[in-house]
Amino acid sequence: MKRLLIFLAVLFVSVMSSACINNFAIQELNIKAKEYLDKGDYDEAIKRLESSVDLDGSIFETRYNLAVAYVNKEEFQKAVNQLNEAAVLNPSNPDVYYTLGVAYEGEASSRLINKVQNETQEDNSLESEKTPETFGSGIFQNAKDAEFAIAKLDEAIKAYRKYLELSKNSEDTDKVQEHISELEEDKNTYAKELNGVEPENPVQGE
């Protein structure tokens, strides 16, 4: 089964609207966080953006950039939380929904057995020596993980469709639409796995 594709390269970090921020401390935190984001130092960016949110949680750029940093750290649930807040602040911004799709995909992929095994191998504890049990063909460890992944892929598809709705005539429309189709296929595969039905073999030569 092909792994889920996450278009991290297409993510855009919104420019901080510093001129619109009256609080000098928040302005400084956001500017410094942007510098760290550009360098790929997400830990330091997150520290400053979290502090900025604590001071004022009503600034869209702060919420959005914090979510982007969380996505790059693979802290997807935290990213989803921030993006939902950002969507309330600026519901017409298409990048919010694109990034939300990425975050939901990340949550889904975190339940794949290969992902679990890779994380286990990196753990040096005694627990890491145990081989995780699986069910079905081995895509997931259990039915609960399969249900979770299906639900998150469904949310990702909705988010990407919202992105397309808000960004009409975008240059990446075809790419995103193709990706949605791939997610639909993955969701169907997971549903068959959950129901105990082996997915059909693809037709050769197509």
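A crossing of two helices is called left-handed if the near helix is turned anticlockwise from the far one by less than a right angle. In this predicted model, α4 passes α5 in just such a left-handed crossing. The two helices pack at an angle of about 155°, and their axes lie 9 Å apart. Because angles over 145 degrees count as roughly antiparallel, α4 is described as roughly antiparallel to α5. On the α4 side, the residues that meet α5 are Phe76, Gln77, Ala79, Val80, Leu83, Asn84, Ala86 and Ala87. Their counterparts in α5 are Val96, Tyr97, Thr99, Leu100, Ala103, Tyr104, Gly106 and Glu107. An α-helix has 3.6 residues a turn, so residues three or four places apart point the same way.

Both α4 (76-89) and α5 (94-109), together with α8 (173-194), are among the elements that cover the buried residues of α7. Helix α7 spans residues 143-166, a run of 24 residues. From first C-alpha to last, α7 reaches 35 Å, close to the 34 Å expected at 1.5 Å a residue. The N-terminal end of α7 is capped by Asn142, which places a side-chain oxygen 3.2 Å from the backbone nitrogen of Lys144. Buried positions along α7 include Ala146, Ala149, Ile150, Leu153, Ala156, Ile157, Tyr160 and Leu164. Asp145 and Lys152 are also among the buried residues of α7.

Elsewhere, helix α3 (residues 60-72) contains Thr62. With a relative accessible area of 0%, Thr62 is buried. Leaving aside residues up to four places away in sequence, Thr62 touches Asn30, Leu49, Ser52 and Val53.

Conventions:
Residues are numbered from 1 along each chain as its sequence is written. This is a predicted model: local features need pLDDT of at least 70, side-chain atom pairs count only at pLDDT 80 or more; totals for chains, interfaces and linings use all residues. Side-chain values use heavy atoms; hydrogens and water are left out. Helices (H or I, at least four residues) and strands (E, at least two) are DSSP runs, numbered from the N terminus. Buried means under 20% relative accessible area, exposed over 50%, partly exposed in between (1.4 Å probe, protein chains only). Contact means heavy atoms within 4.5 Å. The expected span of a helix is 1.5 Å times one less than its number of residues. A polar contact is a pair of N or O atoms within 3.5 Å; within protein, one must be able to donate a hydrogen and the other to accept it, and residues adjacent in sequence count only if both atoms are side-chain atoms. Axes are lines fitted to C-alpha atoms, for helices over the stretch in contact, and angles run from 0 to 180 degrees between N-to-C directions. Angles under 35 degrees count as roughly parallel, over 145 as roughly antiparallel, 65 to 115 as roughly perpendicular and the rest as oblique.
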